[in-house]
Amino acid sequence: MMVGTARREPGKITRGHVELGSYPDGPLTSPVMIAAGAKEGPTLWLQACIHGPEVVGPLSIQRFLKTVDLSQMSGTVICLMLANPLGFRGYNRLTPQDGFNLNRVFPGDPGGHHSQQLAHRLLELSLEKSDAMLDLHSGGDLTITCHFTLFHNDGTPAGIESERLARATGAPNVWNSLEPFLSGAHFANYTKRGKPSLIVESGGGARVTPEDLERLTGAIFGVCRAMGILPGETPKLDRIRLGGDAVHLKSRRGGLFIPHVAPGDDVSEGQHLADLVDLFGDVVEEVRCPLKRAWVGSIRRPHMPIYNGDQVFELVETKGYEPA
Ligand SMILES: [Zn+2]
């Protein structure tokens, strides 16, 4: 099996580059590595940097590849290091060439703009080469996220399996995404085509913490174990929090963003979440929670200057706890 110029070799980690698009003067590529077990088994598509600045992804893949025991592995992990090479090179969550959020334009279009063509290429390539997909995210530079896993369980076998894998990641926040705004995400489209897929996210605020690295690396091992690619138990948590039907709160005024809650906090209707303070020091907007019960999926980086219309909170409606 080949992915770009990387060839699978049993018991080895091999390297290469895969073509994902074109510059005016040649191919646009991403580094790819293939970790192959000594034994045959399922194939996981593991990818990072569909949002350019979210570098906990490639760092966690590197850590995974340095610590995994290939003699214990049954199957294959294909590691696509840069799902959006232009976003990575431009330190940009959006594709610099066309301004689109790549993870909102799936299934893509082979005759569309650059991001649509890239989405089409990524979806077809990942479906052709793998049995499941894990897409790593880490907030980037503008926002800070809590530690969650995200998947599309619409009740189909692929959706149910997506949730099973998500619960093996060790993430304490388990978000079944049926929201229309994520219908253009890679994971949702991969699952709609009949195979399990999920996101794990932790980090942001333009820095990488040891906890973020632990969480994403642990998620890779957890998914490999749940798929039978690696032996061993998956992480067991005392309690998980369920979520869905997320909303995005956008500012109506500009100023400096002063949050009063942190990523992962429980919040309730009417709660004072943040202030926007203008340059005279006056509060020009109080941001309050519109949902009855929710948890903070992500916040804009504290003290960041913002425009009216910028997203300041992602709130995920609380769907319960396990155990209750
Ligand atoms: Zn992301």
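The donors of the zinc ion are spaced along the chain as H-x2-E-x82-H. This model is predicted. The pair Glu54 and His137 links distant parts of the chain, 83 residues apart. Glu54 sits in the loop between β5 (39-47) and α1 (56-67). His137 belongs to strand β7 (residues 132-137).

Now look at the atoms around the metal. The zinc ion is coordinated by ND1 of His51, by two OE donors of Glu54 and by ND1 of His137. These donors lie at 2.1 to 2.4 Å. The angles among the four donor atoms run from 56 to 150 degrees, and the site is irregular. A tetrahedral site would need all angles between 85 and 135 degrees, so this range does not fit that label.

Are Glu54 and His137 buried or exposed? Glu54 has 2% relative accessibility, so Glu54 counts as buried. His137 also has 2% relative accessibility and therefore counts as buried. The cut-off for buried is under 20%.

Next comes the nonpolar interior. The largest nonpolar core has 40 residues. Those with the most contacts inside this core are Leu44, Ile61, Phe64, Met73, Val77 and Leu134. Which helix gives the most to this core? Helix α6 (residues 210-227) does, with nine residues. Take Val77 as a place to look around. Leaving out residues up to four places away in sequence, Val77 touches Met33, Ile34, Ala35, Leu44, Leu46, Phe64, Cys224 and Ile229. Another core, of 34 residues, lies apart from the largest one. Val18, Ile78, Leu80 and Trp175 are among its residues.

Trp175 leads on to the strands. Strand β8 (residues 143-151) and strand β9 (residues 173-176) run parallel, joined by four bridges. Here Thr149 stands opposite Val174 in β9. β9 also pairs with strand β11 (residues 240-250), in the parallel sense, over three bridges. In that pairing, Trp175 stands opposite Gly243 in β11.

Finally, turn to helix α3. How far apart are its end C-alpha atoms? Helix α3 covers residues 114-129, which makes 16 residues. At 1.5 Å a residue, the helix should span 22 Å. Its end C-alpha atoms are 22 Å apart, so the two values agree. The buried residues of α3 are His114, Ser115, Leu118, Ala119, Leu122, Leu123, Leu125, Ser126, Leu127 and Lys129. An α-helix has 3.6 residues a turn, so residues three or four places apart point the same way.

How values were computed:
Residues numbered from 1 in each chain as written. Predicted model: local features only at pLDDT ≥ 70, side-chain atom pairs only at ≥ 80, totals over all residues. Heavy atoms only, no water. Helix = DSSP H or I, 4+ residues; strand = E, 2+ residues; numbered from the N terminus. Expected span 1.5 Å × (residues − 1). Buried < 20%, exposed > 50% of the residue type's maximum accessible area, 1.4 Å probe, protein only. Donors = N, O, S within 2.8 Å, 3.2 Å for Na, K, Ca; no water. Tetrahedral: all angles 85-135°; square planar, octahedral: opposite > 155°, others 65-115°. Core = buried A, V, L, I, M, F, W, Y, C linked by side-chain atoms within 4.5 Å. Contact = heavy atoms within 4.5 Å. Pairing = 2+ DSSP bridges.
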